[in-house]
Amino acid sequence: MAAGSTAAVLLALSGTTSATAAGSHPSAPGTQEINGPLKVCGTQLCDGSGQAVQLNGMSTHGTQWYPKCVTSKSVGALATDWRADVLRVSTYVQDGGYEDDPAKFTARAQKFVDMAHAKGMYAIIDWHMLDPGDPDFNLDRARTFFTAMAKKYKDHPGVLYEIANEPSGVSWSRIKSYSEKIIPVIRAQDPDSVVLVGTRAWSSFGVSEDSDESEVVKNPVQASNIMYTFHFYAASHREEYLSALDRASDKLPVFVTEFGTQNYEGEGANDFAMSQKYLDLMKRKKISWVNWNYSDDHRSGAVFKDGVCDSDDKWTGTSVLKEAGVWIRNKIRA
């Protein structure tokens, strides 16, 4: 298991962290709370003592569209009712997001990160570049955003920085070059936190553009304390993608920062059987994961039923959830 209670994740206000040892429930014998920030050790996400941990949680939708779904009460429900360890805060760059009002969306991202910390969860600061798929298109914006975010959270052990959501249409060498420009920007402020690096072809290790993980294995980003991201949508991404994740995680530290039980657009029928294959693999290999998404968007991939976010009232239990929400809440709680 891995998703833990707030007591087993992050004591944000005191500046110490604790996370659930992968494979154990927060209240189970042998559970170890950790002190200090997370780090990468070999191919694993580890606690301060070098023990592998697995985080499980949810991603916000684009913060320009569904901010009403991210409140102190809703994030509290994620932490305590769902028992999640991590909230991914998705700041879209285009599509009416950061590009239109950098100050507004930086402040909003910080507000949501602070909510996650207040409820005892880790927060992933997601630079949600999507279209254009070339991360260099937003290089200057990324420098500004990550300077502000890293400056604010440089002394907080509860953040991870995801520097490029889903690069596409560009070579791995170009993504690597971008990463080696942005990581020093973060390190100048925050030398220790984990950085999550997007991979080619919508963070599929290149599979969606007829490549594979070997390009990353042969030519890794020259930086320490980093992990590579992998995204999948189970109804679309079948055995070829599952195999790539399995192979890649043998050689590289991998964090699944986004997945869904539907098709690659986050809609349509849920494929829970294929999703379970991924979850079984990730549990066995202690690969942390985040599900898309914690909102009441009309698509099947949003966990809340339509209209739930209109009132900051009922967030707990299963009556407010769509089919995918019931399923993923059970998996996090398990």
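Below, a trainee and a mentor talk through how the terms used for this predicted model apply to its chain.

Mentor: Residues are numbered from 1 along each chain as its sequence is written. In this predicted model local features need pLDDT of at least 70 and side-chain atom pairs count only at pLDDT 80 or more, while totals for chains, interfaces and linings use all residues, and side-chain values use heavy atoms, with hydrogens and water left out.

Trainee: Thanks! What makes a stretch of the chain count as a helix or a strand?

Mentor: Both are DSSP runs numbered from the N terminus: helices are H or I with at least four residues, and strands are E with at least two. By that rule the chain has nine helices and 12 strands.

Trainee: How do you know that β6 and β7 pair?

Mentor: Two strands pair if DSSP finds at least two bridges between them. Strand β6 (residues 86–92) and strand β7 (residues 122–128) have seven bridges, in the parallel sense, so the pairing rule is met. Along β7, A123 stands opposite L87, and I125 stands opposite V89. β10 and β11 also pair in the parallel sense, over five bridges, with G260 in β11 as the bridge partner of Y233.

Trainee: Which strands close into the barrel, and in what order?

Mentor: Eight strands close up with parallel pairing, in the order β5-β6-β7-β8-β9-β10-β11-β12. Neighbouring strands of this sheet are turned by 25° against each other on average, direction ignored; the axes are lines fitted to C-alpha atoms, for helices over the stretch in contact, and angles run from 0 to 180 degrees between N-to-C directions.

Trainee: Which strands does helix α3 touch?

Mentor: Helix α3 (residues 139–153) packs on the sheet, touching β6, β7 and β8 (159–162), and its direction makes about 170° with that of β7. Contact here means heavy atoms within 4.5 Å. Helix α7 (residues 239–251) packs on the sheet too: it touches β10 (226–233) and β11 (254–260), at about 160° to the direction of β11.

Trainee: Why is β11 called largely enclosed?

Mentor: Buried means under 20% relative accessible area, exposed over 50%, and partly exposed in between (1.4 Å probe, protein chains only). Seven of the seven residues of β11 are buried, so the rest of the structure largely encloses it. β7 likewise has seven of its seven residues buried: Y122, I124, D126 and H128 on one side, and A123, I125 and W127 on the other. Over the whole chain of 334 residues, 60% count as buried.

Trainee: What makes an empty space a cavity and not a pocket?

Mentor: On a 1 Å grid over the protein atoms alone, a cavity is a set of points where a 1.4 Å probe fits but cannot get out; a pocket is an open set with protein on both sides within 12 Å along at least five of seven lines, and lining residues have an atom within 4 Å of a point. The structure holds one cavity of 30 Å³ or more, and the largest cavity has about 40 Å³ of space. Its lining is P37, L38, Y122, P157, V159, L160, S193 and V194.

Trainee: How large is the largest pocket, and which residues are closest to its centre?

Mentor: The largest pocket has about 610 Å³ of space. Among its 25 lining residues, L130, E166, E258, Y264 and E265 are the closest to the centre. β10 gives the most to this lining, with three residues.

Note on methods: Grid points are joined across faces, edges and corners, and a volume is the space filled by probe spheres set on the points.
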